[in-house]
Amino acid sequence: MDLSLKIWRQKNKNEKGSMQDYSIKNIEPDMSFLEMLDVLNQQLISGGEEPVAFDHDCREGICGSCSLVINGAPHGPHKSTTTCQLHMRKFKSGDTIYIEPFRGSAFPIIKDLIVDRSSFDRIQQAGGYVSVNTSGNTVDANATPIPKPNADEAFKSAACIGCGACVAACKNSSAMLFVGAKVSQYAQLPQGKVERTERVKNMVVQMDKEGFGNCTNTGACEAHCPKEISLDNIVKLNREYLNSKIK
Amino acid sequence: MALSGIFLMIFLLQHLAINLTSLIPDNGETFNTISHFMGYNPIVQFVLQPILIFGVCFHFVMGFILEYQNRKARVQKYILHKTRSSWISRNMIISGLVILAFLILHFDDFWLPEINDKYINPVLPDPEKYFFHLQEQFYNQTYRTIFYCISFVLLGLHLNHGLASSFQSVGVSSANKHILKVAANVYSITITVGFISIAIFHYFIH
Ligand code: SF4
Ligand code: FES
């Protein structure tokens, strides 16, 4: 496959970026999208040019590191797929592919296609955990009986890999789906119920502090989430938040 | 935003119900009776009307604040952004602005004359005037009727997204998502078709 690529290049956080054109030849349809970028980078390095910086780690859809807005869609055109699991067979030879970073004021660009998603870490640190005493007598979480429907629901929410595609897809750069998934995951479990009031309050305060936008229920987050985290999580977040205000 | 939206949606239903009485072939008697009651009942005038005006203003102001905050959340825009979401859900501000323009015209058409008759150049209450005034505004008034109809279509789209969205925002279970979607469709179509039929009816029939 021969492709034309338009890639966002930006030296660092402070400098202005722009789209640059590249062409690449002989790409195998079975390559992953990131492998195609590896080939491009080899080509750039051989030509004495600066390679394109992009985030990746596991390359199997579980770490949430890979990002990229491909042809206008976070994680590309294929539903329920992370960028690292997207294959070149989804494109045609001769295609022009636009590659941009996830954009949002709370996700500042570090370089090229890499953005700083530490705002998500700070939201997690604000309440996305269950406090336990780890002095040696910690009870195994599995020793607590949990009704199957609750366990299933919690598991569905826990599938969120914290990639940030929901923010990238949302016209408001809202992080409600991510925060909703984290809050609902714990709210379903007996261990998480103890701190549920403080958790939701603190996580929402931190989310607002980071500069994410407000949810207007466009549903773009759910449609682009590679882990199919449902909008239900936002409804549950709203409910948890209202309850925490009443209490 | 959601709560004021829900309040305004309830108001719109009663507004439509009253306006539909103008289609009854009784020479506007029912419409006049209800309109006169609404215009002179002290609870409606001095309790409900201020609440309504506050609700409308609050909804618009909150809408602008929300839009401002949301634009600030992505200063650098995408070169290409094609997300899987409906046009209306992404452009509530556009439909909202059309509705605002419509409201200004609508106030000028119906509310300001009423305020004038009551407080600025007071005249004796005339319980027969409402139906006549309604006919006057629409009969053969092509531009006004077209603008009203376009506004009703955008209002319907705004409500279609707004209804489902506002219930989600107040945490109503999304186990009822399909019911919400159906309710949003039924409600928005009823409001749009209802108001358009009234405008067109009075455009053609005197
Ligand atoms: S909700 Fe989905 S899109 Fe958002 S961070 Fe989690 S996995 Fe990524
Ligand atoms: S690289 Fe880990 S999810 Fe894509």
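**Interface and cores of the two-chain model**

In this predicted model, 44 residues of chain A are in contact (heavy atoms within 4.5 Å) with 30 residues of chain B. Residues are numbered from 1 along each chain as its sequence is written, and chains are lettered from A in the order in which they are written. Local features need pLDDT of at least 70 and side-chain atom pairs pLDDT 80 or more, while totals for chains, interfaces and linings use all residues; side-chain values use heavy atoms, without hydrogens or water.

Together the two chains bury about 2900 Å² (accessible area lost on being put together, 1.4 Å probe, summed over both), with 45% of it on carbon and sulfur atoms. On the chain A side, A:R103, A:K171 and A:N217 lose the most area to chain B, together 20% of what that side buries.

What joins the chains in polar terms? Between chain A and chain B there are 30 residue pairs in polar contact, both residues at pLDDT 80 or more. A polar contact here is a pair of N or O atoms within 3.5 Å, within protein one able to donate a hydrogen and the other to accept it, and residues adjacent in sequence count only if both atoms are side-chain atoms.

Turning to the interior, the largest nonpolar core has 61 residues, and A:L5, A:F33, A:L37 and A:M88 have the most contacts inside it. Such a core is a set of buried (under 20% relative accessible area, 1.4 Å probe, protein chains only) Ala, Val, Leu, Ile, Met, Phe, Trp, Tyr and Cys residues joined through side-chain atoms within 4.5 Å. A second, separate core of 28 residues includes B:I18, B:F152, B:L159 and B:I198.

Key. Buried means under 20% relative accessible area, exposed over 50%, partly exposed in between (1.4 Å probe, protein chains only).
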